[in-house]
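The following note sets out points for consideration on the ligand surroundings, the nonpolar core and one sheet. Please read it alongside the model.

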Amino acid sequence: FSSVSTVVQRNPSFSTLNPDDISYFKQLLGEKSVIQDEDRLETVNTDWMHKYKGSSKLLLQPRTTEEVAQILKYCNSRRLAVVPQGGNTGLVGGSVPVFDEVIVNLGSMNNIISFDKVSGILVCEAGCILENLISFLDNQGFIMPLDLGAKGSCQIGGNVSTNAGGLRLVRYGSLHGNVLGLEAVLANGDLLDMLGTLRKDNTGYDLKHLFIGSEGSLGIVTKVSILTPPKLSSENIAFLACRDYSSCQKLLMEAKRKLGEILSAFEFLDIQAMDLVLNHLDGVRNPLPATMHNFYVLIETTGSDESYDREKLEAFLLSSMEGGLVSDGVIAQDINQASSFWRIREGVPEALMKAGAVYKYDLSLPVEKMYDLVDDMRTRLGDLARVIGYGHLGDGNLHLNVSAAQYDDKILEQIEPYVYEWTSKHRGSISAEHGLGLMKANKIYYSKSPETVKTMGSIKKLLDPNGILNPYKVLPHSLNS
Ligand code: FAD
């Protein structure tokens with residue numbers, strides 16, 4: 001855990017659990033939903049990367065909004081700190097306790113409440129796993145407007161709370177646009193019913209947006225209403241190779257122009273990312289095996305006319321090859337090949353995990369500048385570590401990862417604050433889609449002005465005066481205790 005540069009002190013105003021608390025929770029939730037078993041606690045105390053670890057002694061698994069409300073009301077009155085937890089796939093140390101916070105996991109609240117085929121509006125509980133929602137909608141002829149590599153574990157409540165971006169944002173936009181309503185419980189147990197299903201509703205402040213992306217620091221999201229697009233009949237995926245970053249960039253501009261309305265994903269990975277995937281994931285093969293290329297781009301199109309869409313993509317590929325933007329490329333011939341292309345891109349985080357220690361940075365930057373940072377980091381780090389660049393090029397979102405055999409302060413010193421300063425200088429964001437969590441709570445000023453952060457602090461104070469919800473995360477420590 002030496003990579004966790006954020007050193008925080010336990011807030012002394014928080015209580016510690018006593019036997020009466022446990023009795024209260026058992027009475028409220030039943031024995032089975034009050035978990036003190038050490039093995040299970042070990043799992044929920046540790047994040048996906050095995051980088052952040054808390055020492056909570058209690059996991060609660062409510063089944064209804066009312067139970068969530070009672071838990072928070074009690075914890076607030078007792079000054080017991082709480083970590084809301086979904087699928088625990090977050091990458092910034094936000095989903096696990098820092099000390100002994102009570103973990104409230106939403107996994108048992110996994111019912112689909114309604115689906116309206118005319119409007120495409122899905123209403124469900126926050127603990128629904130994203131992949132289950134994707135399968136449910138598939139049967140109805142619809143898709144989720146978001147998709148991400150962690151879909152098998154992450155929950156819609158976690159997605160909303162992190163404002164997850166993912167692989168389809170380039171087409172369908174962010175959750176701020178797609179989430180039509182939500183239900184959330186405040187720290188004192190008050191219930192905010194904002195579970196609207198309307199496309200348009202300008203009545204007063206649209207408070208749901210405060211909960212989209214606030215990482216469990218303002219309330220627990222218990223239900224979500226989300227607009228889902230129809231599943232279109234034709235889907236094509238091309239896996240392409242580019243000589244240099246400038247070609248990837250020009251390819252993006254061309255794809256937006258020439259594929260236009262059917263473009264649904266534009267992802268990239270560099271040679272280092274490809275090398276990691278090929279070496280660390282079983283059964284993954286390079287679809288362009290003749291030689292290793294400096295960059296790979298995955299383009300997905302979805303549309304309603306199979307032959308027109310396919311022709312369009314083939315013509316685009318041909319002209320990109322003739323124009324020298326693409327050195328090699330292949331279009332998936334069937335669904336298995338399509339999934340094998342996605343497996344490469346989605347497998348990068350897993351391959352990085354398997355390769356050893358990883359320092360992850362999730363940055364929004366102007367597309368033309370984005371890869372300069374990767375090159376700069378390679379120069380700075382030399383032989384100390386491998387630098388990997390990949391991500392959602394279509395959204396200007398770079399995942400900069402530094403991979404090494406083990407965590408080492410010498411490596412961290414070369415990365416931080418350099419990466420944050422570089423991003424700030426180019427008016428980028430130090431958190432494009434993963435949030436701030438514990439990792440970047442103190443770094444917020446690199447992307448937000450002091451006045452903005454102060455206003456965030458006032459909102460936090462208003463909604464959670466005792467600061468019990470996900471303490472030490474999101475906001476800088478001066479505003480967090
Ligand atoms: P958790 O990890 O459990 O929690 C994340 C944060 O949300 C925490 O701060 C937690 O306190 C809070 N939270 C969780 N549930 C609730 C709730 N119901 N109410 C209030 N607060 C809550 N992210 C992207 O944006 N795009 C990607 O493409 C992407 N790809 C990924 C690929 C892999 C392999 C992995 C491991 C992660 C990836 N992520 C990505 C990060 C992560 O999956 C997302 O942030 C996801 O939305 C987290 O959902 P979760 O249910 O796992 O939440």
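Which helices and strands each supply at least two residues of the shell around the ligand?

1. They are strand 3 (82–85), helix 5 (156–162), strand 9 (220–227) and helix 13 (348–355). Helices (H or I, at least four residues) and strands (E, at least two) are DSSP runs, numbered from the N terminus. The model is predicted: local features need pLDDT of at least 70 and side-chain atom pairs count only at pLDDT 80 or more, while totals for chains, interfaces and linings use all residues. Residues are numbered from 1 along each chain as its sequence is written.

2. The ligand is surrounded by 37 residues (C-beta atom, placed from the backbone, within 6 Å of it). The closest are Gly86, Gly90, Gly157, Gly158 and Gly216. Helix 5 gives the largest share of this shell, five residues.

3. The largest nonpolar core comprises 137 residues, and Val82 and Val297 have the most contacts inside it. Such a core is a set of buried Ala, Val, Leu, Ile, Met, Phe, Trp, Tyr and Cys residues joined through C-beta atoms within 7 Å; buried requires 20 or more other C-beta atoms within 10 Å of the residue's own. Strand 10 (residues 234–242) contributes the most to this core, with six residues.

4. An open sheet is formed by five strands in the order 5-6-9-7-8, with antiparallel pairing (at least two DSSP bridges between two strands). Strand 5 (112–116) and strand 8 (191–194) are the edge strands. Strand 6 (residues 121–125) pairs with strand 9 over five bridges, and Leu122 has Ile226 as its bridge partner in strand 9.

Methods:
A residue is buried if 20 or more other C-beta atoms lie within 10 Å of its own, exposed if 12 or fewer, and partly exposed in between; C-beta atoms are placed from the backbone.
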